[in-house]
Amino acid sequence: MSIITALAALGGLTLLLAIMLIVANKKLYVFEDPRIDVVDDLLPKANCGACGMPGCRTFAEAVVKGEVLPGKCTVNSEEGKNAIADYLGVALGDEDKIVARLACQGGSNVAVDRAEYQGLSSCSAASLISGGQKGCFWGCLGLGDCSVSCDFDAIQMNKHGIPEVDVEKCTACGDCVESCPKGLFSLEPINNRLWVACKNLQKGDEILEECQVGCTACGKCVMDAEGSISMIDNLPRINYKEKLTQKPIQRCPTGAIVWLDDDKGIIKGKESKKIIRKEKQKVAFS
């Protein structure tokens, strides 16, 4: 009898728990729109955060709810964005692609080292020793922390030790921004074509002893920009709300301010000194 009683009690408890689970499932069930799965499948699954959300799934939920438009995902292909818009019957939305930009051109062919660094091959490590080996304190150290940190293979080091960003692969995740100890990377709309490719804050031609393409704060770009550029801390700052042209780059003597073209790449002004050196600059010990 004791065994039968125990089995009956166990069966009754099991039945009670099953009923409680069924009731809880009905009471606590949260409906999820099935369209979210469809939209999620049409996204690139980069989970890069370029849209301002933690992942593609969250973005899909926001699109289905009508909180954002498909075009907000600047990493997705045009086909993918249009497919989402057509599926949901919403507007595509116009959003500039955001990409990583580097404010330095001081490769080994134009910039000198003032020391010979020997140690861990890392910009962060080198920068801990008096700011690094570069003659220009603000210049790229060329050891590739940004390239290593990029999970999308969008940054490659060129033969002169300067990072080059593949805008097609770049997702604007911001890892390169965080990894650069010199703060040379920033995330910018790809349509911001006028660009100051230098971070030097030293005024005057003295910087040319360290880097041939450094900004000397001569102010010619400011004079030619008709109010769209101001000089702050000896460095041109561009107001991207203004209509911009290539005029401010034309008289720059070093080519520190450039125009970025999808087909032609970096365009420098007519008066910019032409750099023909291809070999590495010799280390100049002080």
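**Exercise 1. State which residue follows helix H3 and what the sign of its phi is.**

Solution. Gly 66 comes after H3, and its phi is positive, near 85°. Helices here are DSSP runs of H or I with at least four residues, strands are runs of E with at least two, and both are numbered from the N terminus. The model is predicted: local features need pLDDT of at least 70, side-chain atom pairs count only at pLDDT 80 or more, and totals for chains, interfaces and linings use all residues. Residues are numbered from 1 along each chain as its sequence is written, and side-chain values use heavy atoms, with hydrogens and water left out.

**Exercise 2. Find the buried residues of H3 and the helices they pack against.**

Solution. Step one is the cut-off: buried means under 20% relative accessible area, exposed over 50%, and partly exposed in between, with a 1.4 Å probe and protein chains only. In H3 (residues 56–65), the buried residues are Cys 56, Phe 59, Ala 60, Ala 62, Val 63 and Val 64. Step two is the packing: these residues pack against helix H2 (35–41) and helix H4 (78–88), where contact means heavy atoms within 4.5 Å.

**Exercise 3. Describe the setting of Met 53.**

Solution. Met 53 sits in the loop between H2 and H3. Its relative accessibility is 16%, so Met 53 counts as buried. With neighbours within four places in sequence left aside, Met 53 is in contact with Thr 58, Phe 59, Ala 62 and Val 68. Of these, Phe 59 and Ala 62 are among the buried residues of H3. Met 53 and Asp 41 are 12 residues apart in sequence, and their C-alpha atoms are 17 Å apart in space.

**Exercise 4. Decide whether Thr 171 is buried or exposed, and list its contacts.**

Solution. Thr 171 lies in the loop between strand S3 (163–165) and helix H7 (175–179). Because its relative accessibility is 4%, Thr 171 counts as buried. Apart from neighbours within four places in sequence, its contacts are Cys 48, Ala 50, Val 75 and Phe 152.

**Exercise 5. Work out how strand S1 is covered and paired.**

Solution. Four of the five residues of S1 (residues 98–102) are buried, and the strand is mostly covered. S1 is joined to strand S4 (residues 185–189) by five bridges, and the two run antiparallel; strands pair if DSSP finds at least two bridges between them. Within this pair, Ile 98 stands opposite Pro 189.

**Exercise 6. Compare the loops that hold Asp 153 and Asn 234.**

Solution. Most residues other than glycine have a negative phi. Asp 153 has a positive phi near 55°, and Asn 234 has a positive phi of about 65°. Asp 153 is in the loop between helix H6 (145–149) and strand S2 (155–157), and with a relative accessible area of 42% it is partly exposed. Asn 234 is in the loop between strand S6 (229–232) and strand S7 (235–238), and is partly exposed at 26%.

**Exercise 7. Judge the overall form of the protein.**

Solution. The secondary structure comes to eight helices and nine strands. The radius of gyration is 28 Å, well over the 19 Å that the globule rule gives for 286 residues, so the protein is more spread out than a compact globule. This radius is taken over C-alpha atoms, and the rule is 2.2 Å times the number of residues to the power 0.38. Along its principal axes the C-alpha trace spans about 100 × 50 × 30 Å. Buried residues make up 42% of the 286 residues.
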